[in-house]
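Here are a few exercises to work through with the model open. Try each one yourself before reading the solution.

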Amino acid sequence: MRNEESQKVRKGEELPTETLKRFLQKQGLMDHKDSPLSVLQFTHGYSNLTYTLKIEDKEYVLRRPPKGAIKRGHDMGREYRVQHAIKTVFSKVPKMLAYTEDLDILGTPFYIMEKMEGIILSYKEAKQRNISAEDYRKIANSWMETFVQLHQLDYKAVGLETLGRPDGYVERQVFNWGKQYKKAATDDVPAAEKVIRWMEEHQPNVYDHSLIHNDYKFDNVVFENEEWKTIRAVLDWEMATLGDPLMDLGTSLGYWTMAKDSDFVKQGIPSPTVFLGNLSRSEIVELYAQKSGKKINHLIFYYVYGLFKIAVIAQQIYFRYKHGYTNDPRFENLNMAAALCCNLAWKSIQAKKID
């Protein structure tokens with residue numbers, strides 16, 4: 001991934017190189033035990049820790065959970081299994097190379113996959129490239145086509161029918177995310193409790209189900225080149241499951257900040273979608289409906305759910321930071337981002353609109 005910044009490994013997140021080399025050799029991913037191993041760390045992600053391994057003119061990517069993380073949402077075996085299974089029917093995932101639950105290696109389960117070359121559109125990357133308004137339309141179209149393709153996959157054909165429980169999915173998600181927020185809460189955010197109660201009372205009872213990614217946004221896909229027509233890979237499948245595809249869309253909308261949003265919002269949820277030429281959130285919904293053929297009801301609920309889920313994820317990361325499980329300075333103000341998402345969700349409920 002040529003644009004993704006790999007840097008020196010952060011203190012406290014190092015890998016035991018000699019132990020790791022023995023694993024790589026056992027898996028047939030290196031030939032000589034004395035070959036030097038270079039380890040760099042991707043700087044962009046906020047959840048699982050991701051590294052580049054360079055050895056014998058080969059490059060791999062290693063994924064492992066962060067320290068102090070609950071297993072829910074950081075299940076390496078699940079992420080590995082989903083990508084390995086769908087590779088036969090959905091080419092836009094990296095090839096899975098090795099997975100282990102042997103705690104003697106890194107002290108946690110982890111997996112290794114091929115490194116995908118291409119362009120990942122983080123906010124910083126998009127700003128540096130100075131992408132035209134016309135190209136942002138192409139980007140949104142390619143991104144949405146892949147999103148719809150993902151939701152239309154025959155998950156039963158690849159043996160993923162036990163990945164989740166579609167029946168009761170929405171009710172469980174509302175309950176579980178509310179419970180997780182309360183468990184990780186560090187600040188008094190009145191809007192959080194209001195949003196939880198509102199979602200409990202306004203959740204849809206009838207909905208479709210499909211394979212869903214649960215974290216689909218611009219910086220979780222790899223574009224082939226600056227023609228923006230082809231997505232080579234969808235990354236970060238740690239929360240993939242079977243459920244309501246509109247919950248997936250709602251999460252994407254939660255990340256979809258717009259140029260007309262306040263500066264505080266754009267700073268709190270940085271995204272390339274703020275630049276000129278990007279569609280509005282409502283236009284993204286229309287594009288999904290057009291490409292999927294689905295009628296979208298309960299739109300406010302799905303958007304509010306997406307924002308609240310992002311709030312919980314940010315709050316959980318901040319909880320780990322506050323309790324010393326990580327010293328990554330990027331996490332210092334995530335409690336404010338969590339509060340922002342809760343307040344945005346409550347504002348959307350009151351205004352009855354998503355833009």
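**Exercise 1: the two sides of helix 1**

The face of helix 1 turned away from its buried side carries Arg22 and Lys26, both exposed (over 50% relative accessible area, 1.4 Å probe, protein chains only; buried is under 20%). This is a predicted model, where local features need pLDDT of at least 70, side-chain atom pairs count only at pLDDT 80 or more, and totals for chains, interfaces and linings use all residues. Residues are numbered from 1 along each chain as its sequence is written, and side-chain values use heavy atoms, leaving out hydrogens and water.

Task: find which residues of helix 1 are buried, and what they pack against.

Solution.
- Step 1: helix 1 spans residues 17–26 (a DSSP run of H or I, at least four residues; strands are E, at least two).
- Step 2: its buried residues are Leu20, Lys21, Phe23 and Leu24.
- Step 3: down the helix axis these fall within an arc of 160° (from directions to the C-beta atoms), so they line one face.
- Step 4: they pack against elements including strand 3 and strand 4 (58–64), by contact (heavy atoms within 4.5 Å).

**Exercise 2: Thr50**

Task: work out whether Thr50 is buried or exposed, and which side chain it joins in a polar contact.

Solution.
- Step 1: locate Thr50 in strand 3, residues 49–55.
- Step 2: its relative accessibility is 13%, so Thr50 counts as buried.
- Step 3: its side chain joins that of Arg63 at 3.0 Å. A polar contact is a pair of N or O atoms within 3.5 Å; within protein, one must be able to donate a hydrogen and the other to accept it, and residues adjacent in sequence count only if both atoms are side-chain atoms.
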